[in-house]
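Student: I would like a close look at a single part of this model. Please take one helix and work outward from there to whatever packs around that part.

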Amino acid sequence: DAVGVVPTLRDHQLRPQAKELRQQYQAPRQVALESARRDYVLARNAVEKHHGELKEGGGESWWMEALSYLEKSKEGARAFVENVLDAVTPVQHRSGAQVAPLWQGEPVKFRDVRGLMLVIQQDLDRAQAARLAVSARLDDLEKSMRAGG
């Protein structure tokens, strides 16, 4: 008295057919995923190599040294900041309204070289944190793929 589907002559073929269809569907995706994993590992290794070279050479903060040197000349520093602000200030709207300068899509938060240095360092810190988070997640995915999960 069980309610269900009436058996057919091909019921014994359903599981093998489903397995074959699943394999046909998954095969190209597994190849693409494995290719992406290899590309990621190569890119990660290159980034880590160059990042290590920067640390060894003390080149991580070369830009800060350059801006500190520039800051010693008040006129040069003021002109530099004005040039940066000019470069990030969008063209006026057609309406003629002046638009505030934007840095990374947000209103500019600096008016001098020290402020610019702080903003650049904060942006670099956020980029590094995001890179590390993505790298950790991709490492987890890679381990999961190797484990067959």
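Tutor: Glu 142 has a relative accessibility of 7% and therefore counts as buried, the cut-off being under 20%. This is a predicted model, and the values below are computed from it. Glu 142 belongs to helix 4. Apart from neighbours within four places in sequence, Glu 142 is in contact with Arg 37, Tyr 40, Val 41 and Arg 44.

Helix 4 is the part to examine. It covers residues 113–147. From first C-alpha to last, its 35 residues reach 51 Å, close to the 51 Å expected at 1.5 Å a residue. Besides Glu 142, the buried residues of helix 4 are Val 113, Gly 115, Leu 116, Met 117, Val 119, Ile 120, Asp 123 and Ser 135.

Some context for the chain helps here. The chain holds four helices and two strands, and the order from the N terminus is α-α-α-β-β-α. Of its 149 residues, 17% count as buried. Among contacts with a separation of 6 or more, 50% are between residues 24 or more positions apart.

Gly 115 is one residue of helix 4 that can be placed against another helix. Gly 115 lies in helix 4 and counts as buried because its relative accessibility is 16%, which is under 20%. Its C-alpha is 9.7 Å from that of Val 81, although the two residues are 34 apart in sequence. Val 81 is in helix 3, where Val 81 is buried along with Ala 77, Val 84 and Leu 85. Viewed down the axis of helix 3, these buried residues fall within an arc of 95°, so they line one face of the helix. Helix 4 is among the elements that cover them, and helix 2 and strand 1 (102–103) are included as well. The face of helix 3 turned away from the buried side carries Glu 75, Asn 83, Asp 86 and Ala 87, which are exposed. As for its length, helix 3 has 15 residues, which should span 21 Å at 1.5 Å a residue, and its end C-alpha atoms are 21 Å apart, in agreement.

The next partner of helix 4 is helix 2. Two packed helices are described by the angle between their axes and the distance between the axes. For helix 2 and helix 4 the angle is about 170° and the axes are 10 Å apart. That angle is over 145 degrees, so helix 2 is roughly antiparallel to helix 4. On the helix 2 side, the residues that meet helix 4 are Trp 63, Met 64, Leu 67, Ser 68 and Glu 71. On the helix 4 side they are Val 113, Arg 114, Leu 116, Met 117, Ile 120, Gln 121 and Leu 124. By class, this contact consists of eight nonpolar, two polar and two charged residues.

Within helix 2, Trp 63, Leu 67 and Glu 71 are buried. Seen down the axis of helix 2, they fall within an arc of 80°, so they too line one face of their helix. These buried residues pack against helix 3 and helix 4. On the other side of helix 2, Trp 62, Glu 65 and Tyr 69 are exposed.

Helix 2 (residues 62–71) also packs against helix 3 (residues 74–88), at an angle of about 125° and with the axes 7 Å apart. Helix 2 is therefore oblique to helix 3. Leu 67, Leu 70 and Glu 71 of helix 2 make this contact with Lys 74, Gly 76, Ala 77 and Phe 80 of helix 3. The residues of this contact comprise four nonpolar, one polar and two charged. Leu 67 and Glu 71 of helix 2 thus appear in the contact with helix 3 and in the contact with helix 4. Ala 77 is part of the contact with helix 2 and is one of the buried residues of helix 3.

One residue of the strand region deserves a note. Gln 104 sits in the loop between strand 1 and strand 2 (106–107). Its phi is near 55°, a positive value in a residue other than glycine. With a relative accessible area of 63%, which is over 50%, Gln 104 is exposed, whereas Glu 142 in helix 4 is buried.

Methods. Residues numbered from 1 in each chain as written. Predicted model: local features only at pLDDT ≥ 70, side-chain atom pairs only at ≥ 80, totals over all residues. Heavy atoms only, no water. Buried < 20%, exposed > 50% of the residue type's maximum accessible area, 1.4 Å probe, protein only. Axes fitted to C-alpha atoms, helices over the stretch in contact; angles between N-to-C directions. Parallel < 35°, antiparallel > 145°, perpendicular 65-115°, else oblique. Contact = heavy atoms within 4.5 Å. Nonpolar A, V, L, I, M, F, W, Y, C, P; charged D, E, K, R; others polar. Expected span 1.5 Å × (residues − 1). Arc of directions from axis to C-beta.
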